Amino acid sequence: MRKLKIIEHISLDGVIQTSSSPDDDFRYGDWTAPYRSPAALQAVTEMYGETCDLLLGRRTYDLLAAFWPEAPKSPLGDRLNAATKYVVTHRPESLEWGPFEAIGSDLAESVRRIKARNGPDLVLAGSASLISVLLEHGLADEVVLLVNPVVVGKGKRFFSDGTLPRAFALGSTKALPSGILVNVYKLIPTLAEEALSHAKLEREIEIAREVQERLFPQTLPKVAGVEIAAHCRPAQVIGGDYYDLISIRDGSLAEAELAPGENIPSASGTTVHSCNRLGIAIGDISGKGISAALLMASLHASLRGQTLSGGGDLGTKMANVNRLLYDASGSNRYATFFYAELDCDRRTLHYVNGGHNPPAVLRKENDAWRVLRLEGGGPVVGLLTGAALHAADASAAPRRYFAGLY
């Protein structure tokens with residue numbers, strides 16, 4: 001991975017070197033002029049290395065672009081003119097000092113990608129706002145401060161509190177004949193490794209989120225006369241919220257090897273749906289984050305295995321799910337869980353509620369809506385190894401009803 005080095009001139013009281021405009025004599029137009037010397041130029045040239053790329057804010061880019069392309073030939077000038085300039089700007093069409101690449105407002109993520117590419121190390125100079133973002137995200141590997149023997153008293157400071165972050169330790173210091181003190185601070189290795197580990201963990205969590213999203217139904221089953229909608233929004237990147245919709249086919253329909261939700265023609269020429277029963281599941285794992293997501297995946301696998309294998313009533317199936325989840329989790333982990341099966345033709349609903357918030361069935365009777373709560377069934381799943389879970393039904397419902405699961 002490429003390293004990123006910050007190089008800055010500062011005063012004794014921490015003010016950053018600035019030039020007021022591109023029209024200034026860039027080399028000698030500011031308060032550092034009395035302390036410039038051939039020795040200082042040589043030291044700075046060495047800091048940039050044999051080759052480098054530049055990370056620049058837009059104003060710094062304009063200042064450098066107004067001077068270095070026309071400056072007398074020198075080793076430092078050759079390196080800067082040849083370097084790729086990564087410029088934070090919303091006006092990329094006006095960049096002429098190249099080669100260049102404009103980067104957007106997401107500085108931290110852009111710098112991570114640039115550092116991951118092959119190429120020379122990056123050098124940043126001249127932008128306090130960029131520096132603060134890079135240090136905050138642990139992206140700088142080295143900070144070189146050329147401390148000039150003068151107190152300026154006003155101007156933008158390198159750090160608001162006048163000190164470097166604790167993540168950096170003084171690696172070396174050298175005094176130049178002109179009085180400039182060159183201090184090189186390096187990112188402490190343990191903290192650098194921690195930052196790298198943190199970035200790796202973030203990527204692993206992102207992968208886990210993608211995997212978890214694949215556990216939710218990617219397409220909703222199509223059942224004649226039934227409208228289905230579902231959505232899950234975890235409190236964190238990943239979590240233990242769970243729902244599932246399972247198209248269950250029995251006997252000859254299963255032998256037809258049709259995809260879930262597919263229609264098949266009947267002998268009479270009418271269209272018959274391949275789903276005999278629709279499994280409806282919703283659950284909530286105790287806790288949040290990675291541990292809850294792992295238990296959610298175990299619940300998903302256990303339910304699918306019991307449901308698609310066929311046989312047994314809902315109470316028996318959910319008792320098996322309870323035992324499998326109990327074996328796969330710690331003594332303090334469990335899930336509230338509701339599972340129902342809708343007969344696609346008869347419109348009867350059988351269910352088991354394992355300690356979950358009771359879903360609601362809205363049934364229209366005599367032109368008035370009646371609310372039924374699907375309660376009972378047993379305790380939460382995964383907590384008690386021999387818990388009994390009993391099936392109930394809402395089979396008396398007419399063909400037109402609405403089930404709300406939450």
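Buried means under 20% relative accessible area, exposed means over 50%, and partly exposed is what falls in between (1.4 Å probe, protein chains only). Keep that handy for the exercises below. The model is predicted, so local features need pLDDT of at least 70, side-chain atom pairs count only at pLDDT 80 or more, and totals for chains, interfaces and linings use all residues. Residues are numbered from 1 along each chain as its sequence is written, and side-chain values use heavy atoms, with hydrogens and water left out.

**Exercise 1. Confidence check**

Work out which elements of the protein chain have the lowest and the highest mean pLDDT.

Solution.
- Start with the overall score: the chain averages a pLDDT (the predictor's confidence in each residue, from 0 to 100) of 81, and 84% of the residues score at least 70.
- Now go by element, where helices (H or I, at least four residues) and strands (E, at least two) are DSSP runs numbered from the N terminus. Strand 10 (residues 263-265) sits at the bottom with a mean of 35, while strand 13 (residues 335-343) tops the ranking with 93.
- Then look at weak stretches. Over residues 24-29 the pLDDT is below 50, and the model gives this stretch eleven contacts (heavy atoms within 4.5 Å) beyond near neighbours in sequence.
- Residues 252-273 also stay under 50, with 29 contacts beyond four places in sequence.

**Exercise 2. The whole chain**

Find how many helices and strands the protein chain has, and what share of its residues is buried.

Solution.
- The chain holds nine helices and 19 strands.
- Of its 406 residues, 43% count as buried.
- Take contacts between residues at least 6 apart in sequence: 69% of them join residues at least 24 apart.
- For the surface, the Shrake-Rupley method with a 1.4 Å probe gives about 21500 Å², and carbon and sulfur atoms own 53% of that.

**Exercise 3. Salt bridges**

Which parts of the chain does the D53 and R2 pair tie together?

Solution.
- First the rule: a side-chain nitrogen of Lys or Arg lies within 4 Å of a carboxyl oxygen of Asp or Glu. That gives 16 salt bridges.
- D53 and R2 qualify, with an N to O distance of 2.4 Å.
- D53 is in strand 2 (residues 53-57) and R2 in the segment before strand 1 (4-11), so the pair ties together parts 51 residues apart in sequence.
- Both ends are tucked away: D53 is buried at 7% relative accessible area, and R2 is buried at 4%.
- Next, K5 and E142 meet at 3.8 Å, N to O. This pair links strand 1, home of K5, with strand 6 (residues 142-148), home of E142, across 137 residues.
- K5 is buried at 19%, and E142 is buried at 15%.
- Finally, E365 and R363 pair up at 3.8 Å, N to O. E365 is partly exposed at 33%, whereas R363 is buried at 5%.
- Shared partners also join K5, E142 and K186 into one salt-bridge network.

**Exercise 4. A hairpin**

Work out how strand 15 and strand 16 are joined, and what stands opposite V361.

Solution.
- Pairing takes at least two DSSP bridges between two strands. Strand 15 (residues 360-365) and strand 16 (residues 368-373) run antiparallel and share six bridges.
- V361 faces L372 in strand 16.
- Two residues separate the strands, making a hairpin, and N366 in the turn has a positive phi of about 55°.

**Exercise 5. Packing around helix 1 and two residues**

Find which residues of helix 1 are buried, what K115 touches and where I10 sits.

Solution.
- In helix 1 (residues 38-48), the buried residues are A40, A43, V44, T45, M47 and Y48. Their cover includes strand 1, strand 2, helix 3 (75-82), strand 5 (122-124), strand 6 and strand 8 (181-187).
- G49 follows helix 1, with a positive phi near 80°.
- K115 is in helix 4 (residues 107-116) and is buried at 4%.
- Leaving out residues up to four places away in sequence, K115 touches M1, R2, K3, L4, L122, L139 and D141.
- I10 is in strand 1 and is buried at 9%.
- With residues up to four places away left out, I10 touches V15, I16, W31, L145, L146, V147, N148 and F158.
- The C-alpha atoms of I10 and L181 are 10.0 Å apart, though the two residues are 171 apart along the chain.
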